[in-house]
Amino acid sequence: MTTTSMKTATRTGLGNAGNLNEPATGRRAFVKAAGIGMATLGALSVRGNPVFAAAQAAPAVPGGADNFYQSSKVTVQPVRFQNQYQMTVAGNLFLPAQLDRSGRNAAIIVGHPMGAVKEQSANLYAAKMAEQGFVTLSLDLSFWGESEGRPRNAVSPDIYAEDFSAAVDFLGVQAFVDSGRIAAIGICGSGSFVISAAKVDPRIKAVATVSMYDMGSASRHGLRRSQTLAQRQACIAAAARQRQVEFAGGATVYTSGTLPELSANAGAIEREFHDFYRTPRGAYTPAGQLPERATRPTLSSNVKFMNFYPFMDIETISPRPLLFITGDQAHSKEFSEDAYRRAAEPKELHYVAGAGHVDLYDRVTLIPWDKLTSFFQRSLAA
């Protein structure tokens with residue numbers, strides 16, 4: 001594949017997305033408001049059935065946004081399979097309408113943003129890549145959506161990574177899938193989970209990340225390393241106290257997430273996530289979930305991200321190829337850039353001109369489908 005340097009990283013200019021880079025003061029205010037830096041989780045997502053603040057008009061849907069896209073060119077089948085911990089993982093299997101079921105086809109696993117579910121962004125990517133001839137599988141990470149795991153909304157980056165390997169297990173026994181040609185896409189937080197999985201699972205032959213969050217660094221340091229050590233220690237102490245409360249039978253407490261209503265002084269990043277997760281653009285509540293909890297990890301488990309270092313030893317994924325896609329206006333682009341610097345060849349860092357972080361969740365006119373298609377066609381060539 002063609003590789004690029006940081007100076008010549010590829011860029012896509014599609015559409016006229018606005019600049020979502022918020023001023024530094026707005027970033028700091030957001031990190032503080034969301035809870036000692038933990039709001040920088042890609043889980044700053046909140047999903048819900050249409051439960052919107054009556055006092056606030058819904059923002060205009062950005063051009064090209066189509067999170068709930070459905071394609072007449074693919075068929076979709078709900079599937080269930082177990083991970084190595086005997087937890088049932090829920091997914092949607094997307095098959096091209098013209099799939100040769102007697103052949104052995106390349107496949108791609110798609111992981112959703114942290115705190116979201118497969119119906120948010122992952123299904124869209126799975127459908128679009130299935131249109132290009134790939135077998136695709138979107139999945140709910142354990143503890144989220146329709147997948148098993150208790151308590152609900154628990155944080156376990158090791159199990160999240162395991163879910164990607166379990167998806168490889170599942171696809172590898174399908175008669176129409178070539179077990180030697182399976183790859184993965186990780187969106188937002190799932191970008192760091194799939195990197196973690198690929199380091200120890202050589203069956204994942206190629207990885208693309210989109211608007212990636214390094215959930216470990218975001219939790220330890222916040223965006224642009226805006227979280228102090230004292231704030232980190234306070235967060236850890238609060239989680240430890242909450243563990244004791246819950247062990248004694250107390251109520252579960254949830255943290256971070258996107259609130260149902262925006263405050264008057266909400267920053268640009270808060271508004272960016274709110275416009276997706278709390279409006280008809282992308283709001284979705286799985287059965288049995290409460291909208292107000294739907295995106296929020298448990299306080300007592302959230303600190304597990306503090307011990308998560310997905311980019312450590314990322315160079316060991318080589319010679320399997322890596323593609324990092326980020327908007328050039330994305331508040332999260334530091335994570336894709338960091339991963340690119342650390343990774344070994346073959347690797348590519350691709351900027352989408354004019355795109356912010358959430359733009360690449362669902363704006364089908366901005367997402368570089370051609371780049372993804374050509375990357376996987378080369379990486380998974382028979």
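This passage walks through the fold, the core and one pocket of a predicted model.

A good place to begin is the chain as a whole. The protein chain has 382 residues, of which 61% count as buried. Its secondary structure comes to 11 helices and nine strands. Sequence separation adds to this first impression: among contacts between residues at least 6 apart in sequence, 77% join residues at least 24 apart.

The interior comes next. In the largest nonpolar core there are 96 residues, and those with the most contacts inside it are Tyr125, Leu171, Ile185, Phe324, Leu372 and Phe376. The element that gives the most to this core is helix α3 (residues 157-172), with nine residues. Phe376 offers a helpful view of the surroundings of one core residue. Leaving aside residues up to four places away in sequence, Phe376 touches Ile108, Met129, Phe134, Ala183, Ala184, Ile185, Ala206, Ala208 and Ala381.

Several of these partners lead on to a pair of strands. Strand β6 spans residues 177-187 and runs parallel to β7, with five bridges joining the two. Within this pairing, Ile182 stands opposite Ile204 in β7. Strand β7 itself (residues 204-210) is largely enclosed by the rest of the structure, because six of its seven residues are buried. In a regular strand, side chains alternate between the two faces of the sheet.

Helix α7 (residues 268-277) is also mostly covered, with seven of its 10 residues buried. These buried residues are Ile269, Glu270, Glu272, Phe273, His274, Phe276 and Tyr277. One of them, Glu272, deserves a closer look. Its relative accessible area is 6%, which is under the 20% cut-off, so Glu272 counts as buried. Although Glu272 and Gly356 are 84 residues apart along the chain, their C-alpha atoms are separated by 8.6 Å.

Finally, there is open space to consider. Rolling a probe the size of a water molecule over the atoms shows where empty space is left. The second largest pocket holds about 250 Å³ of space. Its lining is made up of 17 residues, with Arg150, Arg152, Asn153, Gly288 and Gln289 lying nearest the centre. By residue class, the lining of this pocket divides into five nonpolar, seven polar and five charged residues.

Conventions. Residues are numbered from 1 along each chain as its sequence is written. This is a predicted model: local features need pLDDT of at least 70, side-chain atom pairs count only at pLDDT 80 or more; totals for chains, interfaces and linings use all residues. Side-chain values use heavy atoms; hydrogens and water are left out. A nonpolar core is a set of buried Ala, Val, Leu, Ile, Met, Phe, Trp, Tyr and Cys residues joined through side-chain atoms within 4.5 Å. Buried means under 20% relative accessible area, exposed over 50%, partly exposed in between (1.4 Å probe, protein chains only). Helices (H or I, at least four residues) and strands (E, at least two) are DSSP runs, numbered from the N terminus. Contact means heavy atoms within 4.5 Å. On a 1 Å grid over the protein atoms alone, a cavity is a set of points where a 1.4 Å probe fits but cannot get out, and a pocket is an open set with protein on both sides within 12 Å along at least five of seven lines; lining residues have an atom within 4 Å of a point. Grid points are joined across faces, edges and corners, and a volume is the space filled by probe spheres set on the points. Ala, Val, Leu, Ile, Met, Phe, Trp, Tyr, Cys and Pro count as nonpolar, Asp, Glu, Lys and Arg as charged, and the others, Gly among them, as polar. Two strands pair if DSSP finds at least two bridges between them.
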